[in-house]
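Hello, and thanks for sharing this one. Here are a few notes on side-chain contacts, set out point by point so that you can follow along in the viewer.

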Amino acid sequence: EEKRLKAVGTLLKDMMHLEEEKRNAESEAERRVRVERDRTARILNGLNEAVVVLSKDYVIEHANETFLKAFGSEGEEVIGRKCSEVIFNQEDFCQEIFGPQVDDTLNTLETSRKEYSFQRNGDGVYWEVVYNPLKDEQGDYTRCLISMANLTHRKKLELDLDKSQKRYMHL
């Protein structure tokens, strides 16, 4: 009987030790995920480009700090809103005007690049937009990562130069 009690005690002690090791391993895994998530957020927020992730329904799932600053948004208030509301201050027309061109029959999206000009707060703005498909484990298009470079300063300089050249030609 004493041997059996001793064996049960040893078994319980081993089980408690294993449970503690399991908790420590889970805590370490959670810490590593948190560190990697924070590192990725710092990288995305350090970019000069505005970065946004859109769902297939053109709803914003993520936006970096550059995007938030460029479109006058605070914090996470853009998450869950349609891109057209945030970018254009308009109701739902993101798919027709701004959204990536998706082949619905094949559920695919190819990486593409476009330039846009539009009015924002009364000023003309110019953006180069790159659409990158994000796919699930089966290779199906599930969302789109969009990076946006603000070309406004360069485009305005080009327009001013063009006007100057035309004036000079008429002298």
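**Notes on charged and aromatic pairs**

1. Let me start with Glu28, which counts as partly exposed at 30% relative accessibility. Please keep in mind throughout that this is a predicted model. The side chain of Glu28 meets that of Arg31 in a salt bridge, at 2.7 Å from N to O. Arg31 is likewise partly exposed, with a relative accessible area of 36%.

2. How far apart are Glu28 and Arg31 in helix H1? They are three residues apart in this helix, which spans residues 2-45, so about one helical turn separates them.

3. Next, have a look at Glu85 and Arg81. These two form a salt bridge whose closest N and O atoms are 3.3 Å apart. Glu85 is partly exposed at 26% relative accessibility, and Arg81 is partly exposed at 29%.

4. A further salt bridge brings together the side chains of Glu128 and Arg113, again given from N to O, at 3.3 Å. Glu128 belongs to strand S4 and Arg113 to strand S3 (residues 112-120), so this pair ties together parts that are 15 residues apart in sequence. Here the partners fall into separate classes of accessibility: Glu128 counts as partly exposed at 22%, whereas Arg113 is exposed, with a relative accessible area of 56%.

5. Back to the helix H1 pair for a moment: salt bridges with shared partners join Glu28 and Arg31 with Arg32 into one network. Over the whole structure, the search finds ten salt bridges, and the ones described above are among them.

6. Now for the aromatic side chains. How many aromatic pairs does a search of the whole structure find? It finds two. In one of them, the ring centres of Phe67 and Phe71 lie 4.8 Å apart with the planes at 40°, so the pair is tilted. Phe67 is buried, with a relative accessible area of 0%, and Phe71 counts as buried at 4%.

7. Phe71 also pairs with Trp127, and this pair is stacked, with 5.4 Å from centre to centre and 25° between the planes. The pair links distant parts of the chain, 56 residues apart: Phe71 sits in the loop between helix H2 (65-70) and helix H3 (83-88), and Trp127 sits in strand S4 (residues 123-135). Trp127 is buried, as is Phe71.

8. To finish, which residues do the ring pairs link into a cluster? They are Phe67, Phe71 and Trp127. Phe71 takes part in the tilted pair with Phe67 and in the stacked pair with Trp127.

Technical notes
Residues numbered from 1 in each chain as written. Predicted model: local features only at pLDDT ≥ 70, side-chain atom pairs only at ≥ 80, totals over all residues. Heavy atoms only, no water. Phe/Tyr/Trp six-rings, centres within 6.5 Å; stacked < 30°, edge-to-face > 60°. Buried < 20%, exposed > 50% of the residue type's maximum accessible area, 1.4 Å probe, protein only. Helix = DSSP H or I, 4+ residues; strand = E, 2+ residues; numbered from the N terminus. Salt bridge = Lys/Arg side-chain N within 4 Å of Asp/Glu carboxyl O.
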